[in-house]
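Here are some exercises to work through with the viewer open. Try each one yourself before reading the solution.

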Amino acid sequence: MAGELPKTDGAVDTAGGDAHPAADQPLLRIEGVAKTFGTFRAVDGVSLDIKAGEFFALLGPSGCGKTTLLRMLAGFEAPDEGRILLGGKDIAQALPHERPINMMFQNYALFPHLSVRDNIAFGLKRTGMARVEIATRVAEMVALVKLEGLEKRKPDQLSGGQRQRVALARALARRPQLLLLDEPLAALDKKLRESTQGELMELQRRLGMTFIIVTHDQEEAMTMASRIGVMNAGKLAQVATPRELYEAPRSRWIAEFVGDINLFDGESKLRDGHRLVIGTRDAGALVVAEPREPVGAGKFSVAIRPEKIKLSRRGPVSEAGHETAINRLEGVVADICYLGGTTTYKVKLDSGGMVQASVANSARLDVDAYSLNQHVVAWFTPDDCVVLPS
Amino acid sequence: MRKFSRLSRFNVASLALGLAFLYLPILILVIYSFNASRLVTVWGGWSLRWYQEFFNDRAMIEASWMSLKVAVSSASIATLIGTLAAVALSRGERFRGRTLFSGMLYAPLVMPEVISGLSLLLLFVALNAERGFWTVTIAHTTLTMCFVAVVVQSRLGSLDRSLEEAAMDLGCDPVRAFVAVTLPLIAPAIVAGWMLAFTLSLDDLVIASFTTGPGSATLPIRIYSEVRLGVKPEINAICTLVIGLIAMVIVVASLASKLSSSQGESAAPL
């Protein structure tokens with residue numbers, strides 16, 4: 001992730017004047033963009049590159065600035081600082097209708113006085129396209145989102161899922177270089193949301209278009225996006241693939257925001273080759289793998305995802321050639337939460353802390369299940385731990 | 001009448017009482033407009049005599065014509081200005097004193113007409129304007145534009161801002177976005193505002209009598225001065241025609257708003 005990019009000399013400011021269109025030049029470059037409302041800094045110096053053909057998700061809790069950033073890309077807000085380069089051209093101050101970018105609104109914003117056909121054709125009529133061509137394009141879009149036969153209906157005669165499709169078709173009709181989606185599935189119920197996620201991904205791949213989606217739903221972001229930018233308090237906290245984000249979060253905040261996590265605060269005690277021993281208050285000494293960027297002495301948090309923690313009655317089954325350095329925590333089952341596919345156990349450790357373990361229910365009969373107050377051993381390998389600065 | 005069987009007797013009675021209270025005087029006025037007798041209170045059989053009398057009464061016809069002209073012009077100007085004011089107040093950037101302006105727009109709604117009339121009269125005298133058609137029209141415009149603004153503003157307030165943003169996103173500059181999306185959606189409110197302004201202007205007596213000049217009396221002024229000399233059944237006939245006109249306007253307005261508001265939201269109520 002680019003941190004502070006120096007302000008360039010403005011050589012690429014002129015329209016279409018990018019002298020060296022490098023092959024790996026990003027489609028969209030956001031440089032130190034900031035936006036303040038009154039005294040509230042909604043977006044605080046965000047820099048980000050997005051390549052053509054990417055499906056990028058902006059993820060964050062409400063009020064983190066993700067929607068403001070999206071609205072700046074669409075042109076509904078002008079950034080106070082920074083530049084937004086689309087194909088090398090600065091569009092930060094351009095009006096919405098001057099940008100080859102379209103947006104799908106959270107509440108769809110379909111024009112209630114126009115039919116499905118006229119809604120989809122709305123943007124095309126402003127391009128000076130011939131009537132026949134518009135009709136062809138509309139038909140193509142209607143087929144693309146599978147709305148055949150509903151062309152003459154008004155938005156209030158459609159279901160939520162159908163409205164979502166009209167909104168998508170309307171935003172895609174102009175073939176924008178970049179499609180922005182503001183919480184596009186928030187209004188749909190769970191089943192429909194899941195099938196629509198798949199359809200959106202399919203569509204994006206087929207059209208080879210660049211999508212930026214804003215969502216507060218991490219599962220949605222993980223499922224659809226090839227890269228995710230997590231925002232917190234107006235700043236980009238981490239930009240990574242879904243896997244990286246989940247398995248190698250950069251900070252405590254991200255680790256806690258994305259998925260469930262066990263965190264143990266402690267201090268690094270000694271180094272043993274590529275292993276690090278961290279003394280924690282709640283779980284004793286934990287052996288962890290040294291992070292990619294070497295860390296010095298100081299305070300750390302050890303983070304372990306619940307599904308990486310194994311439970312057993314007597315401890316790890318010793319396998320030949322297996323790691324000897326295994327973290328072993330003993331305690332009693334304090335809480336059981338059955339979720340269908342998995343069961344989450346909360347184990348109260350003898351040392352006083354709490355650890356959460358997620359166990360797959362791989363057998364139908366509960367032969368392996370643990371009962372409340374049962375003594376168990378929770379264990380995990382050093383490689384399953386992530387060391388985070390406190 | 002079937003629906004009434006589902007209402008309780010009490011409800012039927014209260015409905016009848018309420019309707020009678022509202023419409024009985026008007027009904028009597030309408031019936032007596034067809035009276036053949038010279039006396040307003042004595043029934044002398046059916047006749048269209050007083051309608052004929054009215055159509056031969058040059059002064060009355062002129063006053064009616066004057067009233068219609070004033071109502072149409074002032075309603076049209078008020079609709080234009082009122083709509084613009086409503087758009088500016090609900091869509092413009094937040095400026096200092098916006099709340100004050102918004103409040104000031106409502107003030108004429110509650111201002112006693114005598115005060116509005118007198119202040120306008122003083123203004124016209126100070127400007128040395130010749131009082132007649134235009135002064136009444138301007139006076140009615142100032143009175144009715146705030147009604148239009150209130151009706152249109154409430155409609156704009158209930159309209160989703162993202163509709164305009166979507167139009168801009170799809171290639172409209174702000175002006176075209178307003179014309180292509182906002183205007184069709186607030187049209188029922190604009191029509192309702194015009195109708196409201198029209199009827200308000202048509203029946204205004206106080207402000208018109210302050211601001212009119214010799215030889216340009218509006219219908220209410222004319223009727224009022226006639227009545228002071230004694231009520232003729234001709235007045236009943238005129239009133240019946242006015243009632244018919246206003247009823248027609250209201251029916252047309254409600255039909256228009258029903259037809260144009262296909263999104264399930266009705267126009268702002270009158």
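The exercises below are about a predicted model, and each comes with a worked solution.

**Exercise 1. Find out where in chain A confidence is lowest and where it is highest among the strands named, and how the stretch 1–21 scores.**

Step 1: Start with the whole chain. Chain A has an average pLDDT of 86, and 90% of its residues score at least 70.

Step 2: Go to the elements. Strand E11 (residues 262–272) of chain A has the lowest confidence, with a mean of 84, while strand E3 (residues 55–59) of chain A has the highest, at 95.

Step 3: Look at residues 1–21 of chain A. Their pLDDT is below 50, and the stretch has 15 contacts in the model beyond near neighbours in sequence. Where pLDDT is low, predicted coordinates shouldn't be read in detail.

**Exercise 2. Work out which residues have the most contacts inside the largest nonpolar core, and which element gives the largest share.**

Step 1: Pick out the core. It holds 150 residues, and Ala169(A), Leu180(A) and Ile212(A) have the most contacts inside it.

Step 2: Ask who contributes. Helix H8 (residues 174–203) of chain B gives the largest share of this core, 13 residues.

Step 3: Zoom in on Leu180(A). Setting aside residues up to four places away in sequence, Leu180(A) touches Leu70(A), Leu73(A), Ala74(A), Ile101(A), Met103(A) and Ile212(A).

**Exercise 3. Describe strand E6 of chain A: which way do its residues point, and which strand is it joined to?**

Step 1: Sort the side chains. Ile101(A) and Met103(A) point one way from E6(A), Asn102(A) and Met104(A) point the other way, and all are buried. That fits the general pattern: in a regular strand, side chains alternate between the two faces of the sheet.

Step 2: Find the neighbour. Four bridges link E6(A) to strand E7 (residues 178–182) of chain A, and the two run parallel. Within E7(A), Leu178(A) is the bridge partner of Ile101(A).

Step 3: Now check the contact between chains. Chain A puts in 20 residues and chain B 17. On the chain A side, strand E6 (101–104) and helix H2 (116–125) are the elements that give two or more residues. That side splits into 10 nonpolar, six polar and four charged residues.

**Exercise 4. Identify what helix H7 of chain B packs against.**

Step 1: List the buried residues of H7(B) (residues 161–169). They are Glu164(B), Glu165(B), Ala166(B), Ala167(B), Met168(B) and Asp169(B).

Step 2: Trace the packing. These buried residues sit against helix H1 (66–74) and E6 of chain A, along with H8 of chain B.

Step 3: Step past the end of the helix. Just after H7(B), Gly171(B) has a positive phi of about 105°.

**Exercise 5. Decide why Ser201(B) counts as buried, and which residues it touches.**

Step 1: Place the residue. Ser201(B) is in helix H8 of chain B.

Step 2: Count neighbours. Ser201(B) counts as buried because 27 C-beta neighbours lie inside 10 Å, and the cut-off is 20 or more.

Step 3: List the contacts. Apart from neighbours within four places in sequence, Ser201(B) contacts Val70(B), Ala71(B), Ser74(B), Ala75(B), His140(B) and Thr144(B).

**Exercise 6. Lay out the five-stranded open sheet of chain A and name its edges.**

Step 1: Read the order. The strands go E13-E12-E11-E14-E20, with antiparallel pairing.

Step 2: Find the edges. Strand E13 (284–289) and strand E20 (386–389) of chain A each pair on one side only.

Step 3: Check one pair. Six bridges join strand E12 (residues 275–280) to E13(A), and Thr280(A) has Gly284(A) as its bridge partner.

Conventions. Residues are numbered from 1 along each chain as its sequence is written. Chains are lettered from A and ligands numbered from 1 in the order in which they are written. This is a predicted model: local features need pLDDT of at least 70, side-chain atom pairs count only at pLDDT 80 or more; totals for chains, interfaces and linings use all residues. A nonpolar core is a set of buried Ala, Val, Leu, Ile, Met, Phe, Trp, Tyr and Cys residues joined through C-beta atoms within 7 Å. A residue is buried if 20 or more other C-beta atoms lie within 10 Å of its own, exposed if 12 or fewer, and partly exposed in between; C-beta atoms are placed from the backbone. Two residues are in contact if their C-beta atoms, placed from the backbone, lie within 7 Å. Ala, Val, Leu, Ile, Met, Phe, Trp, Tyr, Cys and Pro count as nonpolar, Asp, Glu, Lys and Arg as charged, and the others, Gly among them, as polar. Two strands pair if DSSP finds at least two bridges between them. pLDDT is the predictor's confidence in each residue, from 0 to 100.
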